[in-house]
Amino acid sequence: MAEAVDYKVIGTSPIRPDGVDKVTGRAQYGADLNLPNMIYGRVLRSPHAHARIKRIDTSRAEAMKGVYSVVSGKDFPEAEHGEIGGEGGGDISDLAKNIMARDKVLYHGHPVAAVAARSQRVAEEALAAIEVEYEVLTPVLDLDTAMASDAPLVDENCYTKNLPEKPDKPSNIAAVMQLGRGDVDQGFEQADVIVEGEYRIPAAHQGYIEPHACIANTNESGQSTVWCCTQGHFEFRAMTAKVLNMNVADLKFVASEIGGGFGGKTVVYLEPVAVLLSRKAHRPVKMMMTREEVFRATGPASGTHIKVKVGARKDGTITAATAWMAYEAGAFAGAPMGPGAMSVFAPYDLENFKVEAFDVLVNKPKVAAYRAPGAPQSMHAMECALDELARKLGMDPIDLRLKNAADEGTQAPYGPKFPAIGLKACLNAAKNHPNYTKPLPEGAGRGIAVGFWFNVGMQSSAEVHINENGTVTVVEGNPDIGGSRASMCLMAAETLGVPYEQVRAIIGDTESTGFSNVTGGSRTTFATGMAVVRACEDIIAQCRARAAATWGVDEDQVLWEDGQATPAPGVNADVKPLSLADIAANAAKTGGPLLGRASLNAQGAGASFSVNIADVQVDRETGKVDVLGFTAIQDAGRAIHKAYVEGQMQGGAAQGLGWALNEEYIYDANGVMQNAGFLDYRIPVASDLPMIDCEIVEVPNPSHPYGVRGVGETPIVAPLAATANAVRDAVGIRIHDLPLSPPRIVAAIDAAGS
Amino acid sequence: MVRVVFPQHLLSVTGGEREVAVEADNFRELLEALEARFPGSREPLAKSAAAVDGQIYQDAFLEPLEPGSEVFFMQRIEGG
């Protein structure tokens with residue numbers, strides 16, 4: 001890796017290249033594009049959480065004036081089983097059935113038909129004209145019911161996976177997972193203190209401000225162009241091709257600007273429907289979800305039920321820990337119970353532990369990734385349990401964690417030994433932070449918690465074009481959610497040795513740049529950044545060759561220093577250094593335009609740890625929690641753009657605080673969500689939050705040229721427990737379930753007082 | 001020899017064996033050796049992530065292995 005010394009632009013915080021367009025309203029988001037002859041698609045959704053479809057009659061809708069096309073499950077190819085591949089894909093058959101129901105509807109809001117019409121009003125009228133006959137079935141709405149042996153089945157063909165043998169009868173438990181090491185019984189016998197807790201967290205939505213939107217334009221030869229808001233247009237293309245049994249070469253996907261995704265825009269919902277409607281209508285079809293549709297029919301994070309037991313000696317050494325965790329998958333298998341199970345004890349060096357995890361079907365929308373999927377829920381349970389353990393032991397909660405903290409060489413609970421990690425550095429930074437020791441107002445409480453996420457690499461491509469005046473264009477394939485264009489420009493500028501202002505980055509569509517996996521998994525600055533650095537190194541190699549040709553020396557006699565080619569020491573050449581602009585200006589004489597490129601499957605994404613400190617004040621009469629202060633400390637490996645790393649930390653903290661304090665899906669007995677709008681599903685707004693203080697710890701990742709670790713997901717992990725622990729400190733009562741909403745807090749205080 | 005450890009959910013592939021030692025100079029050879037020992041293991045193992053000497057690889061196909069290397073198969077991690 002590059003030496004950790006004196007970077008010229010890395011670690012600075014220049015203005016983002018896409019910033020002006022975004023703040024002036026010029027940037028084009030998913031719903032902003034309009035095409036000639038465009039019509040509007042709308043989706044008919046199930047009014048039942050669980051029902052068999054007996055009949056769909058679309059004839060009246062098809063006959064309506066202004067209606068151009070109607071589709072339902074029968075218009076889609078037979079959905080075959082198989083892996084989608086990449087992020088968030090899962091099983092093709094499940095994905096296809098989630099997009100459009102076939103024989104059963106599995107949640108309230110499940111699509112059953114769609115129409116395209118000349119206006120949204122006509123489309124709505126056409127939806128009302130579609131007749132659907134249902135046989136209503138009993139919905140399965142919670143984990144306890146779903147896991148009972150006599151539960152109604154969400155899917156009669158679901159047999160629990162990962163058991164030694166295929167079970168003899170179907171179940172709502174789609175899969176199980178176990179991890180373990182040592183002897184937990186013996187470990188608990190060695191413990192002086194044992195704490196146990198049972199924690200429930202309801203589903204919460206990613207809460208991106210921009211609803212899903214797309215336009216599909218299919219021509220008479222069956223080729224389609226799709227403009228959409230997505231975290232990954234290449235994977236959207238792959239999913240759409242598989243769902244519609246199309247050749248990927250017949251699909252072109254163009255990513256718009258994106259108004260938030262957080263994992264929720266890694267799967268397709270509208271795009272295959274729009275392609276099919278457009279194919280039948282011979283016109284471009286625009287589809288936009290309402291906020292209500294986003295809540296009812298796009299993936300939230302799993303609701304969970306988690307039990308944790310931890311034992312320790314008087315000195316704080318953990319002797320054993322167990323976790324039992326059930327995750328709601330929604331209507332189709334694929335809850336993130338695996339990452340949840342692998343992360344629950346990840347920060348700690350444990351000799352004896354056991355984890356059991358369950359992926360459970362319920363009649364609710366299929367869950368989707370949400371920042372560090374699975375980890376916030378499981379680590380909330382463990383970090384709350386550790387808070388209780390510290391209280392019982394009379395230990396400082398940071399000291400307890402330092403006593404057991406994983407470090408380089410520690411065998412992670414999920415198997416391998418950790419390489420260099422920054423957990424202890426984060427814990428020490430928290431302990432030394434003035435916010436940890438500053439006095440609290442009377443009645444206020446303080447809590448801390450640790451966060452962790454694996455981070456991933458995966459495939460990325462990048463090209464670097466040197467323009468004729470020496471300026472630089474970076475072309476990559478990852479939609480820019482969190483400022484990645486600026487980070488790519490910084491890494492390109494640093495590698496080439498040119499000013500940041502000389503570099504521009506663009507996001508190519510699926511036909512104009514190489515494949516890249518989604519912007520997700522905290523991978524873009526790491527993996528795509530690595531591709532950009534490699535592409536710049538390709539440019540440098542070419543520039544050295546061009547300079548050598550210009551000077552009549554060998555390539556190995558040319559160095560690249562500070563953005564220019566210079567003769568190596570001792571080379572007998574009376575020449576002036578050649579800048580990138582000099583070489584570009586003479587490119588025609590030395591071989592033509594300069595184009596660097598790289599594609600890779602990035603490996604070695606470094607795990608990221610965080611520590612959060614939350615200060616809260618609780619109104620004991622109303623149960624309202626005021627967040628007085630919040631401090632986020634995180635190992636970024638190396639912060640490429642300091643302000644955007646802090647932005648990720650602050651954004652994750654804000655979302656985590658919302659999850660901890662207010663956000664939850666509320667269902668009635670029929671499985672109908674009762675709060676499908678931002679008035680009733682309350683995400684934090686600016687006036688709810690204090691300034692979130694950030695401290696970036698830098699323990700470089702040796703696998704990245706500049707030491708980058710992903711930073712996008714870890715920030716949401718610790719706020720849940722940090723806030724819960726602060727509320728515990730303030731009110732003196734452990735409230736195990738989230739959210740810590742006013743009614744729950746008042747009820748807990750009343751119960752404790754009665 | 002390379003030390004190879006399997007997670008619980010892959011034990012059905014290995015007939016219950018949690019840990020084996022295998023001769024292999026790279027990951028491709030490791031998969032071949034494991035397929036010879038546990039027929040039918042190649043596909044599920046190739047779809048798994050693997051940690052080689054502490055470093056997690058979504059796909060370790062090209063990675064070299066040293067005598068004494070440790071390989072832990074694990075579920076592929078997704079993210080948001």
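**Entry 1: helix α3 of chain A**

I began with helix α3 (residues 92-99) of chain A in this predicted model. I found that seven of its eight residues are buried, so the helix is largely enclosed by the rest of the structure. I listed the buried residues of α3(A) as A:I92, A:S93, A:D94, A:L95, A:A96, A:N98 and A:I99. I then asked which elements the buried residues of α3(A) pack against. They pack against β5 (111-117), α7 (233-244) and α8 (271-281) of chain A.

**Entry 2: helix α8 of chain A**

I turned next to α8(A), one of the packing partners of α3(A). Helix α8(A) is mostly covered, with nine of its eleven residues buried. I noted these as A:E271, A:P272, A:V273, A:A274, A:V275, A:L276, A:L277, A:S278 and A:A281. I also looked up what follows α8(A) and found A:H282, which has a positive phi near 60°.

**Entry 3: backbone angles in loops**

I looked up A:F262 in the loop between β11 (251-255) and α8 of chain A. Its phi is near 55°, which is positive although the residue is not glycine. With a relative accessibility of 23%, A:F262 counts as partly exposed.

I then examined A:N455, placed in the loop between β16 and β17 (458-466) of chain A. A:N455 is likewise a residue other than glycine with a positive phi, here near 70°. Is A:N455 buried or exposed? At 6% relative accessibility, I recorded A:N455 as buried.

I also recorded a cis peptide bond, from A:L738 to A:P739, with omega near 0°. A:P739 belongs to the loop between α20 (719-731) and α21 (742-753) of chain A.

**Entry 4: aromatic rings**

I searched the whole structure for aromatic pairs and noted 20 over all chains. I chose A:F452 and A:F609 for a closer look, and found their ring centres 5.1 Å apart. Why is this pair tilted? The planes of the two rings stand at 45°, so the pair is tilted; planes under 30 degrees apart would count as stacked and those over 60 as edge-to-face. The pair links distant parts of the chain, as A:F452 lies in strand β16 (residues 445-453) and A:F609 in strand β24 (residues 608-618), 157 residues apart. A:F452 has 0% relative accessibility and therefore counts as buried. A:F609 also has 0% and is buried. I noted that one aromatic cluster is formed by A:Y414, A:F418, A:F452, A:W453, A:F454 and A:F609.

I then looked for charges over rings. The charged end of A:R16 sits over the ring of A:Y644, at 5.1 Å from the ring centre. The charged end of A:K307 sits over the ring of A:W324, at 4.5 Å from the ring centre.

**Entry 5: the second largest pocket**

I recorded a volume of about 1000 Å³ for the second largest pocket. Its lining holds 50 residues, and A:F262, A:R371, A:I481, A:G482 and A:Q648 lie nearest its centre. The elements that give two or more residues to this lining are α15 (484-496), α16 (524-551) and α19 (642-661) of chain A. Which element gives the most? I found that α19(A) does, with nine residues. By residue type, the lining of the second largest pocket divides into 17 nonpolar, 25 polar and eight charged.

**Entry 6: enclosed cavities**

I counted six cavities of 30 Å³ or more. The largest cavity holds about 90 Å³ of space. Its lining has 13 residues, of which A:Y414, A:P419, A:A607, B:G54 and B:I56 lie nearest the centre. I sorted the lining of the largest cavity into nine nonpolar, three polar and one charged.

**Entry 7: two further loop residues**

I placed A:V498 in the loop between α15 and β19 (503-507) of chain A. A:V498 has a relative accessible area of 8% and is therefore buried. Its C-alpha atom is 5.4 Å from that of A:G563, although the two residues are 65 residues apart along the chain. Beyond its neighbours within four places in sequence, A:V498 is in contact with A:V472, A:A493, A:V503 and A:L580.

Last, I looked up A:F515 in the loop between β19 and α16 of chain A. A:F515 is partly exposed, with a relative accessible area of 32%. Leaving out residues up to four places away in sequence, A:F515 touches A:F234, A:E235, A:Q459, A:S460 and A:S461.

Key:
Residues numbered from 1 in each chain as written. Chains lettered and ligands numbered in written order. Predicted model: local features only at pLDDT ≥ 70, side-chain atom pairs only at ≥ 80, totals over all residues. Heavy atoms only, no water. 1 Å grid on protein atoms, 1.4 Å probe; cavity = no way out; pocket = protein on both sides within 12 Å on 5 of 7 lines; lining within 4 Å. Points joined across faces, edges and corners; volume = space filled by probe spheres on them. Helix = DSSP H or I, 4+ residues; strand = E, 2+ residues; numbered from the N terminus. Nonpolar A, V, L, I, M, F, W, Y, C, P; charged D, E, K, R; others polar. Phe/Tyr/Trp six-rings, centres within 6.5 Å; stacked < 30°, edge-to-face > 60°. Buried < 20%, exposed > 50% of the residue type's maximum accessible area, 1.4 Å probe, protein only. Lys NZ or Arg CZ within 6 Å of the ring centre and 35° of its normal. Contact = heavy atoms within 4.5 Å.
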